[in-house]
Structure formats: structure tokens, C-alpha cells
Amino acid sequence: MLASLPLDFLPEAYRPWFVLAVAMAVGVVIALILHRIGFLILRRITAPRPYLHAVVVGACTASQFVAALLALRVVLTGAPGDMPYTRGMAYLVTVLLILCLTWLANSSIKSLSDTAIRLNPYDVADNLLARRKLTQTRVLARSAHAIALLLGLSFVLLTLPGARQLGASLLASAGVAGLVAGIAARPVLGNFIAGLQIAFSQPIRIDDVLIVNGEWGRVEEITGTFVVVRIWDERRMIVPLQWFIENPFENWTHRTASLLGTVFLWLDFSVPLEPVRKEFERLCKASPLWDTRVAAVQVTDTSERAMQVRFLISAANSGNAFELRCQLREGLIAFIAAHHADGLPRLRAQVDGEPPDPPPARVVPV
């Protein structure tokens, strides 16, 4: 149809280019119209499904460029073979198309991860499942972004005649070159694999309470290579991902956030335990930090001077447990000091009878 247009106003050498330009413009317009229609249909169909709907909406801009570049690639494929520069234009459009497809993949991954995080808020009381999904989402999303970028770069290099070998080496990690690269990148690959292990087995999650190298802190962020642990005094400990796979550590919120806390006091044998037990129960009931599960008083040890009394309590999380222990310790010490002032540990000395007279002083003659 374009060939039948009257082109007498153009020189004969420019007529094929004019036809090609018009065909490219028409192809792009048709592709964008079809994209818009398909986008409206998909947005309505996926409205009840939040994840698919997020992918459709988030990938809208990138998919527009993909549709336009696909139309240009089809038009350039049908261009006459004797036209100069069309081959170079086709290469350029192909590279741009691969880059836009990589952009489309990353946009879809980001939309999925953002939707998963939004639908599973972890700033609530019972957030174990939400933190599990958040950790998996972040780690897997970062891994997927890295894989998409690697594949996009590899396919770009494969389209260039002078760089096909490099692109093939990126895709196929076999042979001596792959072995050397694997040995050189062992820490990076180790952290990458450790990230996948953490995402699926989940020894740690976002906002977990950990004891790492004797430091108490919360998992603030899990990246593709390291974990940021926020220490209680606002310091940040940066720990490689692989360390959590190879070393033991304490996770106080692996199954549940609730914990048992203890308060130990050394008291004199003369202190009656029943009034102390009643005061302890009163303090627990008066505190909103106690979760009503456990409250026990036990004598756990004795020495020649005093007895050790353990006050066992429970709380909804580690922060509440620490605050409750401090409150109980202060309240119990105040109660014992007020009602049993001599009940705190003290040293005893017993003297039997009158002390003997001192020996007479010895006079040394001069």
C-alpha cells in the first residue's frame, strides 16, 4: 500500500527511505494502540488478583517500549536487503529491545516484591508470617534482579558479532574460564547461594532478634551479600550472609517472639518466701508488660551465707521481657528493704565466750 503512494515529489534515491520511515511510524502507532487496548483489558481482568494486577500496572511503561521496538524490528526485517544502513539499524533496535525486555523483567519483579511487602505488613504484634514472607521476597527479588541483568547483558553481547564469545562465556560457565571465574568469585557466589538458603530455610528473618558474637540486636536489612544487625545501642553490625550458614547464633524469635525472663536475688535464710511471692505476683499483675503465661518463684541455689531465689516471668517479646525484669528487680528490692531490712545478704561473725587476755608484754633488756 505504501509502495502505491505518489512519490514523484521526492528524488528516486530517497523514496525507499520515505516508505521505510512511514512504515516504521505506522507500525509504532499500531503497536501502541494494540498495547493500550491489551493493557486496559488485562488491568480489568487482573483487578481481583493483586499480584497479577501489580505486574500489569508496573510493567506498563516498559511494555510500551517493547511493543514499539518489536514493531520497528518487524518493519526493518521486511526492508529491502539492498538498502544501506538497515542492517545497522536492525542491530541497534535489537539491542534496545533486549534492554527494554530486561527493564520489563525488572519492573515486573519490583512490582511483585512491592506488592508482597505491602500485603504483608510486619509492623504488627503477631508478625512472624509477615516477616517470613518479607525476608523471602527481598532476598529472592534481589537474586532475580541480578539474574535478569546478567541475562540481558549476555543476550546483548550475543547479538554483536565481535562479542558473541564473551556473551556465550557469561551464559555458559563451563570449562577452564568458568572454573577460574568461579574460584575468583567464590565469596560472591557463596553469599549468593547463602542468600537463597536463607530465603528458603529462613534461619533469620527481617526484624528477628539475634545474639551475634555476644551482641544483642535486630535484623534490620538483608541484602544480596550481607545482613545489617541493629544493635540495642544503635550501632550496626554488618555480617556476611555466608556467616549465618557456617556459624551458630541465637535467634530469639525463630518460632515465636514470646520469651521467658528471670530475676535472681540472693536473700538471707531468714526472709519468708510467701510474702515475697505475693508481692512478686502483685507486681506482675500490675505491669502491662506481663503476658500472664508464667510467674513462678523458686529457690534455685544455696550457699553458706544466703539462698538464691529465681523469679521467672514471661513476656510477649524480648523488649518487654527486659523492661519487666528491670521493674520486678527494682520492686522486689524495695519490698525486701522495707519489710525485711535484714534479709539482704550480709557477712556473719560469731564470737564464743570472752576473748582471752593478751599475753604480757615481753621486756627486752637494753
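**Group meeting: a walk through a predicted model**

Hi everyone! Let's start with Val-26, which sits in helix H1, residues 15-45; helices (H or I, at least four residues) and strands (E, at least two) are DSSP runs, numbered from the N terminus. Before going on: this is a predicted model, where local features need pLDDT of at least 70, side-chain atom pairs count only at pLDDT 80 or more, and totals for chains, interfaces and linings use all residues. Residues are numbered from 1 along each chain as its sequence is written, and side-chain values use heavy atoms, leaving out hydrogens and water.

Is Val-26 buried or exposed? Val-26 is partly exposed because its relative accessible area is 40%; buried means under 20%, exposed over 50%, and partly exposed in between, with a 1.4 Å probe and protein chains only.

Now to the UniProt record. An unreviewed entry there places "transmembrane region" at residues 17-39, 51-76, 88-105 and 139-160, though such annotations may be inferred rather than shown by experiment. Residues 51-76 are 96% helix and 0% strand, with end C-alpha atoms 36 Å apart. For residues 88-105, the figures are 100% helix, 0% strand and 26 Å.

Next, the largest nonpolar core, meaning buried Ala, Val, Leu, Ile, Met, Phe, Trp, Tyr and Cys residues joined through side-chain atoms within 4.5 Å. This core has 20 residues, and Leu-265 is among those touching the most other members. Helix H11 (318-339) is one of the elements supplying at least two residues; in fact H11 gives the largest share, 5 residues. A second, separate core of 19 residues includes Ala-194 and Val-212.
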